[in-house]
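This briefing introduces a structure to a reader who has not met it before. Please look over the sequence and the structure shown here, then read the points that follow.

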Amino acid sequence: MIPRHEIPRTARARAFVSFAAGAGGRLLHLAALLTGETPGSTPYARRLLTAALSRTYADWDALRGDDPYDRTRQDLVARYARAAWHRRLGAARRAQDPGPLGPLTPHQRVAVVLRVYEGVPEEQAAALLGLPVERVRALTARATVRLARPGGAPGAPEPGR
């Protein structure tokens, strides 16, 4: 017979495993977009996702009515943003990244991934990143312009010129 104090942990674990199995693929894709790693090789994205899922599991009982996907996405983006801001993942990282978001700065990448890929409203993205709404709007606009240029280079000629 299972001790009474073990039953909630088992149900909790089953609920979390079900969530992770359902949302894990999309969250890994989100992490790979943020880090700029190719789909076949995503060690940094996997580390970020593992840490975010660990945090979600630790807070599982406190979620109450909150969406675990939103909570995990928030933690994932915050972890990437902290690393990008503090480690200055800038030009050297972008030079290695041949992916479609390669020419973007970490700030622009986070804004575009949240706004375009995830469909997060500007206000929510701004709150998530701790930035004013106007800053998120400007980062998204600059990133869109940079991605629209051939080669994504900041000084590249406009299409058709």
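**Briefing: two helices in contact, a further helix, and confidence**

In this predicted model, helix α6 (residues 122–129) and helix α7 (residues 133–148) have axes that come within 8 Å and cross at roughly 105 degrees. Angles of 65 to 115 degrees count as roughly perpendicular, and α6 and α7 are therefore roughly perpendicular to each other.

**Contact of α6 with α7**
- On the α6 side, the contact is made by Glu-122, Glu-123, Ala-125, Ala-126 and Leu-129.
- On the α7 side, Val-133, Val-136 and Arg-137 take part.
- Of the residues in the contact of α6 with α7, five are nonpolar, three are charged and no residue is polar.

**Helix α5**
- Helix α5 covers residues 106–117, twelve residues in all.
- From its first C-alpha to its last, α5 reaches 15 Å, which is close to the 16 Å expected at 1.5 Å a residue.
- The buried residues in α5 are Pro-106, Gln-108, Arg-109, Val-110, Ala-111, Val-112, Val-113 and Leu-114.
- Gly-119 follows α5 and has a positive phi, near 70 degrees.

**Confidence of the prediction**
- The average pLDDT of the protein is 82, and 80% of the residues score at least 70.
- Over residues 89–95 the pLDDT stays under 50, and the model has 14 contacts for this stretch beyond four places in sequence.
- Residues 155–161 also have a pLDDT below 50, with six contacts in the model beyond near neighbours in sequence.

How values were computed
Residues are numbered from 1 along each chain as its sequence is written. This is a predicted model: local features need pLDDT of at least 70, side-chain atom pairs count only at pLDDT 80 or more; totals for chains, interfaces and linings use all residues. Side-chain values use heavy atoms; hydrogens and water are left out. pLDDT is the predictor's confidence in each residue, from 0 to 100. Contact means heavy atoms within 4.5 Å. Axes are lines fitted to C-alpha atoms, for helices over the stretch in contact, and angles run from 0 to 180 degrees between N-to-C directions. Helices (H or I, at least four residues) and strands (E, at least two) are DSSP runs, numbered from the N terminus. Angles under 35 degrees count as roughly parallel, over 145 as roughly antiparallel, 65 to 115 as roughly perpendicular and the rest as oblique. Ala, Val, Leu, Ile, Met, Phe, Trp, Tyr, Cys and Pro count as nonpolar, Asp, Glu, Lys and Arg as charged, and the others, Gly among them, as polar. The expected span of a helix is 1.5 Å times one less than its number of residues. Buried means under 20% relative accessible area, exposed over 50%, partly exposed in between (1.4 Å probe, protein chains only).
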